Amino acid sequence: MEYPTIGLVHIPVLAEEVLNYLQPQSGHIILDGTVGNGGHAMKIMEKIQPRGLLIGIDKDREILQVAKQTLSKTEGTFKLYHADYSEVDEVLHQAGVDKVNGVLLDLGASSVQFDQAERGFSFTKEGPLDMRMDRSASGTAQDLIRRLSERELETVLKKYGEERWSRRIARAVQREEREAGITSTRQLAAVVERVVPRGKSKIHPATRVFQALRIAVNKELESLEVFLGKIHNYMMTGARIVIISFHSLEDRIVKKKFIERANQEVFKILTKKPVTPCDAEMEKNVRCRSAKLRAAERS
Ligand SMILES: C[S@@+](CC[C@H](N)C(=O)[O-])C[C@H]1O[C@@H](n2cnc3c(N)ncnc32)[C@H](O)[C@@H]1O
């Protein structure tokens, strides 16, 4: 399936800051491990011409079509790969590249994925409980709920959603699953709404549950750990790495690995504190509210 591009918008987050930290220049080879719609990639491509190369990875084959359309509008060379960014070794090998001048990860799901009801990422839209970024991979969120015991589901919600009511929710979800079978996003959200006390929180009670399931379905933290374990090997001296995360679990992993590499004198950290969007950007783009950018330079 190809995405209709009209009406589906993903505004690149912290776009100016990405360029400031990445410092893409003419002739550079830049790896965008989460190319998505190609929003950041397009801005990078404008800076690296002539003779530059943008290597874009995404595990969502359909969204790569959007990236292709976007990047085809620019001058210059790009190569797109359907892969997990943790498979960076194979991708660079296929691209015929040993080392790059810059690396970008803009983590999580794209607004385009959230906005497509049939992808099942959003509790505000009725859709199947899918949540796979890579629809050729096995294991949807529905499969996960069916496979996990109550205790295991509780652990997933606690670990990946930092969900305070994880036990209660896990019990209610597994009961509903046994009695009626949970097949849709709204059905799951309704179960959560029923058991979570309505406090003062401004976020929807199902937010953390959906985050947790999405992280588990896509093995998001595992990919990040694997990638950070080896990406320095593919960065030239002076190359920059920029990572935008959207929740504390991801940010903690990035922060910890950057500090570890800095102690090994492999990275120089460029952001003592994470960079966050300014008020004006937050007003324009709700999705960027929790964004945190960290950057480092290969020593
Ligand atoms: C926030 S969006 C990126 C948006 C992009 N920077 C732009 O400006 O258009 C994140 C993208 O990363 C992809 N993605 C997430 N985890 C991935 C992984 N482990 N490997 C490859 N792609 C991944 C998602 O499918 C999604 O398209």
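In the predicted model, helices α8 and α9 are oblique to each other, because their axes meet at an angle that falls in none of the parallel, antiparallel or perpendicular classes. The angle in question is about 135°, and the two axes lie 9 Å apart. Helix α8 comprises residues 166-179, and helix α9 comprises residues 185-195. The crossing of this pair is right-handed. On the side of α8, the contact is formed by Arg-168, Ile-169, Ala-172, Val-173 and Glu-176, while α9 supplies Leu-188, Val-191, Val-192, Arg-194 and Val-195. Seven of these contact residues are nonpolar and three are charged, and no polar residue takes part.

A second pair consists of α2 and helix α3, the latter spanning residues 61-72. Their axes come within 9 Å and cross at roughly 30°. An angle under 35 degrees counts as roughly parallel, and α2 and α3 are therefore assigned to that class. The crossing of α2 and α3 is right-handed. Ala-41, Met-42 and Met-45 represent α2 in the contact, and Ala-67, Thr-70 and Leu-71 represent α3. The contact of α2 with α3 contains five nonpolar residues, one polar residue and no charged residues.

The third pair is formed by helix α11 (residues 220-230) and helix α12 (residues 248-263), whose axes come within 10 Å and cross at roughly 15°. This angle makes α11 roughly parallel to α12. The crossing in which α11 passes α12 is right-handed. The residues that α11 brings to the contact are Leu-221, Leu-224, Glu-225 and Leu-228, and those of α12 are Leu-249, Glu-250, Ile-253 and Lys-257. By class, five residues of the contact of α11 with α12 are nonpolar and three are charged, with no polar residue present.

Helix α2 also belongs to the surroundings of the ligand. The shell around the ligand holds 21 residues, of which Pro-12, Thr-34, Gly-36, Asn-37 and Gly-39 come nearest. The elements that contribute two or more residues to this shell are α2 (39-48) and β2 (53-58). In its make-up, the shell has 10 polar residues, six nonpolar residues and five charged residues.

Two features of the backbone were noted in loops. Gln-49 and Pro-50 are joined by a cis peptide bond, for which omega is about -10°. Pro-50 is located in the loop between α2 and β2, the two elements named above for the ligand shell. The other feature concerns Met-131, where phi is near 70°, a positive value in a residue other than glycine. Met-131 is placed in the loop that runs between α5 (111-115) and α6 (141-147).

At the level of the whole protein chain, the secondary structure amounts to 13 helices and seven strands. The radius of gyration of the chain is 20 Å, and the globule rule gives 19 Å for 299 residues; the two values are close, so the chain is as compact as a globular protein of that length. Along the principal axes, the C-alpha atoms of the protein chain fill a box of roughly 60 × 45 × 40 Å.

Technical notes:
Residues numbered from 1 in each chain as written. Predicted model: local features only at pLDDT ≥ 70, side-chain atom pairs only at ≥ 80, totals over all residues. Axes fitted to C-alpha atoms, helices over the stretch in contact; angles between N-to-C directions. Helix = DSSP H or I, 4+ residues; strand = E, 2+ residues; numbered from the N terminus. Parallel < 35°, antiparallel > 145°, perpendicular 65-115°, else oblique. Left-handed = near helix turned anticlockwise from the far one by under 90°. Contact = placed C-beta atoms within 7 Å. Nonpolar A, V, L, I, M, F, W, Y, C, P; charged D, E, K, R; others polar. Near = placed C-beta within 6 Å. Rg over C-alpha atoms; globule rule 2.2 N^0.38 Å.
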